[in-house]
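Hi,

Here is the structure I promised to pass on. Have a look at it first, then read my notes below.

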Amino acid sequence: MNHNKIGEIGEELACLYLIKHGFKILSKNYYKKWGEIDIITRKNDVLRFIEVKTVSRENIMNVSRETLEQDRPEENIHEQKLKRLYRTIQSYIGENKVSPETDWQFDVIAVFLDLNNYNARIRFMENVVM
């Protein structure tokens, strides 16, 4: 399975996770030439900009929580990517006339896929410092 398809599956699973936990999905794959935001949500009057990082592993159900904690796909969000994400967030806020009083934050969801056994694990990191 190619990298793009794995990413799409991860984003869909992330959306299902968010909906299950009371988030309202406002937009997916908000794109500007300088960057893209995977998911934009709202919960408790806080606007959330979410980056999804997906990796595939064999048989994650037999992998310990400690091993999964050591595997950190979110570390692929480097400084240059954060700058592009921040600029894209500012574009969304401006285009959608979001009130300056609206609280917003940047979150990361790491999705671990076990394609052989059709399982997944999700790690949700809220309010990541940009």
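Before the hairpin comes up, one term: I count two strands as paired if DSSP finds at least two bridges between them. Also bear in mind that this is a predicted model.

Let's start with that hairpin. Strand 4 and strand 5 run antiparallel and are joined by seven bridges. Four residues sit between the two strands of the hairpin, and Tyr 118 has a positive phi there, near 55°. If you want a pair to find your way by, Phe 112 stands opposite Arg 121 in strand 5.

On its other side, strand 4 has a parallel neighbour: strand 3 (residues 46-56) and strand 4 (residues 103-114) pair over eleven bridges. Ser 56 has Leu 113 in strand 4 as its bridge partner.

Now the whole sheet. It is open, with five strands in the order 1-2-3-4-5 and mixed pairing. Strand 1 (24-32) and strand 5 (119-125) are the edges, each pairing on one side only. From one strand to the next the twist averages 30°.

What lies across the sheet? Helix 1 (residues 3-20) lies across strand 1, strand 2 (35-43), strand 3, strand 4 and strand 5, and runs at about 135° to strand 3. Helix 1 has 18 residues and reaches 26 Å from first C-alpha to last, close to the 26 Å expected at 1.5 Å a residue. Its buried residues are Ile 6, Gly 10, Glu 11, Ala 14, Cys 15 and Leu 18; note the Glu 11 in that list. The cover over these buried residues includes strand 1, strand 2, strand 3, strand 4 and strand 5. After helix 1 comes Gly 22, with a positive phi near 85°.

Helix 3 (residues 79-95) lies across strand 1, strand 2, strand 3 and strand 4, at about 115° to strand 1. One residue to click on in helix 3 is Thr 88. Is Thr 88 buried or exposed? Its relative accessibility is 0%, so Thr 88 counts as buried, the cut-off for that being under 20%. Leaving out residues up to four places away in sequence, Thr 88 touches Tyr 30, Lys 32, Trp 34, Gly 35, Glu 36 and Ile 37.

That's what I have so far. Shout if anything looks odd on your screen.

Cheers

How values were computed: Residues are numbered from 1 along each chain as its sequence is written. This is a predicted model: local features need pLDDT of at least 70, side-chain atom pairs count only at pLDDT 80 or more; totals for chains, interfaces and linings use all residues. Side-chain values use heavy atoms; hydrogens and water are left out. Axes are lines fitted to C-alpha atoms, for helices over the stretch in contact, and angles run from 0 to 180 degrees between N-to-C directions. Contact means heavy atoms within 4.5 Å. Buried means under 20% relative accessible area, exposed over 50%, partly exposed in between (1.4 Å probe, protein chains only). The expected span of a helix is 1.5 Å times one less than its number of residues.
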